[in-house]
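User: Could you take a close look at one part of this structure for me? I'd like a connected account of that part and of what surrounds it.

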Amino acid sequence: MSDGGYDERFRERLLDATAWEETASQLLAAAELLEPKVREFSATPGFRPGSDTWRGWADEFVAIYFMLVAYAIENLLKARIVTANQDEFRLALEASPKIPSALRSHDLCSLAERAGKSGLASGYADILKRLGRSATW
C-alpha cells in the first residue's frame with residue numbers, strides 16, 4: 001500500500017530548517033491573537049504571579065498562549081539543530097522512519113544546549129523550564 005509519498009515529504013520537511021522557522025512564525029502569529037486576553041488577565045485586580053489571588057494555569061487563554069510561545073521557541077531551536085546536524089539526521093531517517101531523538105524533546109533547556117545556545121540555556125533556564133512545562137501540558 002502506497003503512502004502517496006508522505007514519508008518522503010515528512011523526511012524532507014523534518015530536515016528543512018526554514019520549515020521549522022515558518023512554523024515558529026505561525027505559532028507566534030497565533031499567540032499574538034491571544035495577547036489581549038493575556039493582558040486582560042494580568043490586569044486583574046490582585047494579580048500577582050504565585051499568589052493565592054492568581055489563578056495561574058487555570059486560565060486557559062494564558063496557558064494556551066504560553067504553550068504556543070513554547071512551541072515557537074522549540075521550533076526555532078530545532079531549526080538550528082537541523083541545520084547543524086543535517087547529514088546525521090538524513091542518515092538516521094534513511095535507516096529508520098522515526099524522528100531523530102534529538103528532535104523528539106520539548107525540553108527547551110536541552111534543546112538550547114543542543115542548538116549551541118548554552119548562554120540562552122543557562123541565562124534563561126528558569127523561563128525555559130517554565131515554558132517547557134507549557135509545551136508538555
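Analyst:
**A close look at Lys 78 and its helix**

Lys 78 is found in helix 3. Please keep in mind that this is a predicted model, so every value below is computed from predicted coordinates.

Let's start with the residue itself. Is Lys 78 buried or exposed? With a relative accessibility of 3%, against a limit of 20% for the buried class, Lys 78 counts as buried. Leaving aside residues up to four places away in sequence, Lys 78 touches Trp 20, Leu 103, Arg 104, Ser 105 and Leu 111.

What does the side chain of Lys 78 meet in a salt bridge? The partner is Glu 74, with an N to O distance of 2.7 Å. Both residues belong to helix 3, which spans residues 60–84, and they sit four residues apart, about one turn of the helix. Glu 74 is buried as well, because its relative accessible area is 5%, under the 20% limit. In general terms, side chains of opposite charge can pair when their charged atoms come close.

For comparison, here are some other charged pairs. A search of the whole structure finds five salt bridges, and the pair of Lys 78 and Glu 74 is one of them. Another joins Glu 35 and Arg 39, whose closest N and O atoms are 3.4 Å apart. Those two are four residues apart in helix 2 (residues 17–42), so about one helical turn separates them. Glu 35 is partly exposed at 23% relative accessible area, while Arg 39 counts as exposed at 54%. A further bridge links Arg 130 and Asp 126 at 3.0 Å, N to O. This pair lies in helix 7 (residues 125–135), again four residues apart and therefore separated by about one helical turn. Arg 130 is partly exposed at 43% relative accessibility, and Asp 126 is partly exposed at 49%.

Back in helix 3, the residue after Lys 78 is worth a stop. Ala 79 has its place in helix 3 and counts as buried, with 2% relative accessibility. In sequence, Ala 79 and Ala 17 are 62 residues apart, yet their C-alpha atoms are 4.3 Å apart in space. Not counting residues up to four places away in sequence, Ala 79 touches Ala 17, Trp 20 and Glu 21. Trp 20 is thus a contact of Ala 79 and also a contact of Lys 78.

Leu 77 comes just before Lys 78, and with the same exclusion of sequence neighbours it touches Leu 108, Leu 111, Ala 112, Ala 115 and Leu 120. Leu 111 appears among the contacts of Lys 78 too.

Now to the nonpolar core. The largest one has 32 residues, and those touching the most other members are Trp 20, Tyr 65, Leu 77, Ile 81, Phe 89, Leu 103 and Leu 108. At least two residues of this core come from each of helix 2, helix 3, helix 4 (86–95), helix 5 (108–114) and helix 7. Helix 3 gives the largest share, ten residues.

Helix 3 also meets helix 7. Their axes come within 8 Å and cross at roughly 105°. That angle falls between 65 and 115 degrees, so the two helices are roughly perpendicular to each other. On the helix 3 side, the contact is made by Phe 66, Met 67, Val 69, Ala 70, Tyr 71, Ile 73 and Glu 74; on the helix 7 side, by Leu 128, Leu 131, Ser 134 and Ala 135. Glu 74 therefore has two roles in this picture: it is part of the contact with helix 7, and it is the salt-bridge partner of Lys 78.

Phe 66, another residue of that contact, leads to the aromatic rings. The structure holds one aromatic pair. The ring centres of Tyr 65 and Phe 66 are 5.4 Å apart and their planes stand at 75°, so the pair is edge-to-face. Tyr 65 counts as buried at 15% relative accessibility, whereas Phe 66 is partly exposed at 27%.

Finally, the wider setting. The protein has seven helices and zero strands, giving the pattern α-α-α-α-α-α-α along the sequence. Of its 137 residues, 34% count as buried. Among contacts between residues at least 6 apart in sequence, 68% join residues at least 24 apart.

Methods: Residues numbered from 1 in each chain as written. Predicted model: local features only at pLDDT ≥ 70, side-chain atom pairs only at ≥ 80, totals over all residues. Heavy atoms only, no water. Phe/Tyr/Trp six-rings, centres within 6.5 Å; stacked < 30°, edge-to-face > 60°. Buried < 20%, exposed > 50% of the residue type's maximum accessible area, 1.4 Å probe, protein only. Salt bridge = Lys/Arg side-chain N within 4 Å of Asp/Glu carboxyl O. Core = buried A, V, L, I, M, F, W, Y, C linked by side-chain atoms within 4.5 Å. Contact = heavy atoms within 4.5 Å. Axes fitted to C-alpha atoms, helices over the stretch in contact; angles between N-to-C directions. Parallel < 35°, antiparallel > 145°, perpendicular 65-115°, else oblique.
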